[in-house]
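Let us read a structure together, one feature at a time, taking the general idea before the case.

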Amino acid sequence: MKTISSDIVIDSIFKKKAQDNLESYYQFKELFEEVKIDNTYEEQVLISIIIPVYNEEKTIKFILEKLPKNNKIEVIVIDDNSNDNSLKEIKKAKFKSQLKIIKHSRNRGYGGALLSGIKKTKGKIIVTMDSDGQHRPEDLSNLISPILNQEADIVIGSRYKGSYDYKLPISTRLGEACLEKLIQIFFNRKISNNQSGFRAFNRKTLDLFENIKYLGYAFATEIILKASLNGFRIKEIPIKILKREYGVSKIILSKLFLSIISCLFIYFLKKIKKIFSKTV
Ligand SMILES: Nc1nc2c(ncn2[C@@H]2O[C@H](COP(=O)(O)OP(=O)(O)OP(=O)(O)O)[C@@H](O)[C@H]2O)c(=O)[nH]1
Ligand SMILES: [Mg+2]
């Protein structure tokens, strides 16, 4: 089987979108034909994009319509029992060919929604992306390329390596900076935007999503710690995060802080247990 460079795969995926819209043609890289060298890429879903939604009626339809359309991509949207018109807006989106919709009958939280989506994925690469309009589909190709190039198993889009065009609350910046230090000291990984929801996973990491303990936002921390313990390679790449134009952030900082601290504690104990079991 011929090896296909990540550029060819990425370009092949994003060109169809490019044909739809001249402006996006220059946002995504070019080319398509070369991917036909390998028939397996023709048949398989390469990227599964999971989008958790909780009361995002103003943005979700727009995001879905902006995503690249291609038979290599499937999009899985999880409406986590929104009490606004999010579900109606999802159904209105002109995107149906590759769209799977999951509706929860009760709110299961950010991580709980992602887990429901992950179970339905077929792709070799799984991407998670927010539905509040802060993540740009244009960053998708850069996000998946370290996985295609086999430089990383997990890629995290970072606003600190890239940019953000809004005023970041000092509590958020401080919280993430502290967590960065703690993860560095106790788990030997340096991840600045550790709460970023724009990430990509190689399918081989999916066992990480078994027996997840934190179904809220601390899910982001748990995945990083679990991946570190299991020796997966994590890479941060620059992305641009946009200002939230509609709706409100659902994060309750005090609750998140407690969950993250307990998560760190539990995984540090697991690490010690692992080291100990190896040495005895
Ligand atoms: N499925 C599901 N999604 C959620 C829930 N809470 C938030 N989300 C989604 O998770 C994404 C991120 O939520 P935000 O509240 O914007 O959090 P954030 O972007 O990490 O933080 P901010 O920078 O404060 O906006 C959005 O797409 C939300 O719709 C939930 O309970 N269930
Ligand atoms: Mg947000």
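Q: What does it take for two residues to be in contact?
A: Two residues are in contact if their C-beta atoms, placed from the backbone, lie within 7 Å. By that rule Ser-171, Gly-175, Leu-179, Leu-182 and Phe-186 in helix H8 meet Leu-253, Phe-257, Ile-260, Leu-264 and Phe-268 in helix H10. The residues of this contact divide into 8 nonpolar, 2 polar and no charged, where Ala, Val, Leu, Ile, Met, Phe, Trp, Tyr, Cys and Pro count as nonpolar, Asp, Glu, Lys and Arg as charged, and the others, Gly among them, as polar.

Q: What kind of model is this, and how are residues and chains labelled?
A: This is a predicted model, in which local features need pLDDT of at least 70 and side-chain atom pairs count only at pLDDT 80 or more, while totals for chains, interfaces and linings use all residues. Residues are numbered from 1 along each chain as its sequence is written, and chains are lettered from A and ligands numbered from 1 in the order in which they are written.

Q: How many helices and strands are in the chain?
A: Helices (H or I, at least four residues) and strands (E, at least two) are DSSP runs, numbered from the N terminus. The chain has 10 helices and 7 strands, and residues 24 or more positions apart account for 79% of its contacts with a separation of 6 or more.

Q: At what angle do the axes of H8 and H10 cross?
A: Two packed helices are described by the angle between their axes and the distance between the axes. Axes are lines fitted to C-alpha atoms, for helices over the stretch in contact, and angles run from 0 to 180 degrees between N-to-C directions. The axes of H8 (residues 170–187) and H10 (residues 253–279) come within 12 Å and cross at roughly 0 degrees. That makes H8 roughly parallel to H10, the term being used for angles under 35 degrees.

Q: Is Ser-259 buried or partly exposed, and which is Leu-115?
A: A residue is buried if 20 or more other C-beta atoms lie within 10 Å of its own, exposed if 12 or fewer, and partly exposed in between. Ser-259, found in helix H10, is buried because 21 other C-beta atoms lie within 10 Å, and Ser-259 touches Tyr-214, Gly-216 and Ala-218, not counting residues up to four places away in sequence. Leu-115, in helix H6, counts as partly exposed because it has 19 C-beta neighbours inside 10 Å. Of the 280 residues of the chain, 40% count as buried.

Q: Which helix gives the most to the largest nonpolar core?
A: A nonpolar core is a set of buried Ala, Val, Leu, Ile, Met, Phe, Trp, Tyr and Cys residues joined through C-beta atoms within 7 Å. The largest has 54 residues, and among those with the most contacts inside it are Ile-49, Ala-200 and Phe-219. Helix H9 (residues 219–229) gives the most to this core, with 6 residues.

Q: Which residues are closest to ligand 1?
A: A residue is near a molecule if its C-beta atom, placed from the backbone, lies within 6 Å of it. In this model 20 residues surround ligand 1, the closest being Pro-52, Tyr-54, Asp-80, Ala-113 and Ser-249. Strand E1 (47–53) and helix H6 (109–119) are the elements that give two or more residues to this shell, and H6 gives the most, with 3 residues. By class, the shell has 7 nonpolar, 7 polar and 6 charged residues.

Conventions:
Angles under 35 degrees count as roughly parallel, over 145 as roughly antiparallel, 65 to 115 as roughly perpendicular and the rest as oblique.
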